[in-house]
Structure formats: structure tokens, C-alpha cells
Amino acid sequence: MANKNVRKGSLFETTLLKWLRSKNVVAERLTKAGAKDEGDIVVMANGKTYILELKATKALKLPEFWSEAVIEAKHYAEARSLSATPPSYVIVKRRMGGINQSWVVEDLDQWIRKVTSCKCIAD
């Protein structure tokens, strides 16, 4: 049987996947691939693809989480011969909070492009 942390992470993934689908979002779990892992969940919304890296942990290691999410989004793009890497997000389960209270982490460049619909920042 998997260890407690693996079970906790897997439960978070399935719970978030069900929640996304309940909001009519197209989402699928990604297969674990070791060194070539592609993230935990892929989301298709408004004609765009997003890679989600989920974390259900007590310790917030944002630089580590973010690095993992960016690398895994690149792996996703490479495995599918995509010309651009999809935006990646880290979703952190909030302790003692519902799935809808999870935190979404993105970098400032992603945020500004999203809120301004601007292509003015280099990737």
C-alpha cells in the first residue's frame, strides 16, 4: 500500500479533478513519468491548455513547487511536440479548507498577461 503522503496527494488530485469537472472544466489526470513527469492535471479551458502541479503538504516550498511545475509543463509540451509550453500553475491544498479554498500560484508575468490580455511580455 502507498505511504500516507502518496495517498494524501492522490486524494487531492482526484478531489480537485472532480471539482473542476463539476464546474464544466475539461480536465484529465496525467500519468506519472518519473524524471519526465508532465504535471498532475491538464486543463483545457477557453481554447487553452494549462498544466497543474498539485501539492497537499504542510510545508510551503514555493520555489521548489514552482520549479517543478515549470519543468513538467515543458515535458508536457515536448512529449506532444507543441511549439509553446502551456502555462503552469501550482495548486496548494489549504489545510482545514475545502477544495475551493486551495491556493493557486502563478508568476507575475502570467498574471499580467491574463489580466491585461497583453502579449507585451516576452516568454
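The following exchange goes through the helix, the sheet and several single residues of a predicted model.

Biologist: On what footing do the values for this model stand?
Modeller: Because the model is predicted, local features need pLDDT of at least 70 and side-chain atom pairs count only at pLDDT 80 or more, while totals for chains, interfaces and linings use all residues. Residues are numbered from 1 along each chain as its sequence is written, and side-chain values use heavy atoms, with hydrogens and water left out.

Biologist: What distance does helix α1 reach from its first C-alpha to its last?
Modeller: Helices (H or I, at least four residues) and strands (E, at least two) are DSSP runs numbered from the N terminus, and α1 covers residues 4-22, which is 19 residues. The expected span of a helix is 1.5 Å times one less than its number of residues. For α1 that expectation is 27 Å, and the helix comes close to it, reaching 27 Å.

Biologist: Within what arc do the buried residues of α1 fall?
Modeller: Buried means under 20% relative accessible area, exposed over 50%, and partly exposed in between (1.4 Å probe, protein chains only). The buried residues of α1 are Phe12, Glu13, Leu16, Leu17 and Leu20. Seen down the axis they line one face of the helix, because their directions, taken from the helix axis to the C-beta atoms, fall within an arc of 130°.

Biologist: Which strands do the buried residues of α1 pack against, and which exposed residues lie on the face turned away?
Modeller: Contact here means heavy atoms within 4.5 Å, and the buried residues of α1 pack against β1 (26-29), β2 (41-45), β3 (48-55) and β4 (88-92). The face turned away from the buried side carries the exposed residues Lys4, Leu11 and Lys18.

Biologist: Which backbone oxygen does the side chain of Thr15 reach?
Modeller: Thr15 lies in helix α1 and is partly exposed, with a relative accessible area of 32%. A polar contact is a pair of N or O atoms within 3.5 Å; within protein, one must be able to donate a hydrogen and the other to accept it, and residues adjacent in sequence count only if both atoms are side-chain atoms. At 2.7 Å, the side chain of Thr15 reaches the backbone oxygen of Leu11.

Biologist: In what order do the strands of the sheet stand?
Modeller: Two strands pair if DSSP finds at least two bridges between them. β1 and β2 pair in the antiparallel sense over four bridges, β2 and β3 do so over five bridges, and five bridges join β3 to β4, which run parallel. The five strands thus form an open sheet with mixed pairing, in the order β1-β2-β3-β4-β5.

Biologist: Which strands stand at the edges of the sheet?
Modeller: An edge strand has a single partner strand, so one side of it is left without a neighbour in the sheet. The strands in this position are β1 and β5 (103-105).

Biologist: Which residue in the turn of the hairpin between β2 and β3 has a positive phi?
Modeller: Most residues other than glycine have a negative phi. The hairpin has two residues between its strands, and Ala45 stands opposite Lys48 in β3. The turn residue with a positive phi, of about 55°, is Asn46.

Biologist: Is Asn24 buried or exposed?
Modeller: Asn24 is found in the loop between α1 and β1, and its phi is near 65°, a positive value in a residue other than glycine. At 72% relative accessibility, Asn24 counts as exposed.

Biologist: How many of the five residues of β4 are buried?
Modeller: Ser88, Val90 and Val92 point one way from β4, whereas Tyr89 and Ile91 point the other way. Across the pairing with β3, Ile51 stands opposite Ser88 and Leu54 stands opposite Ile91. The strand is largely enclosed by the rest of the structure, because the number of its residues that are buried is five of the five.

Biologist: What is the relative accessibility of Glu53?
Modeller: The place of Glu53 is in strand β3. Not counting residues up to four places away in sequence, Glu53 touches Gly39, Asp40, Glu68, Ala69, Glu72, Tyr89, Val90 and Ile91. Glu53 counts as buried, because its relative accessibility is 3%.
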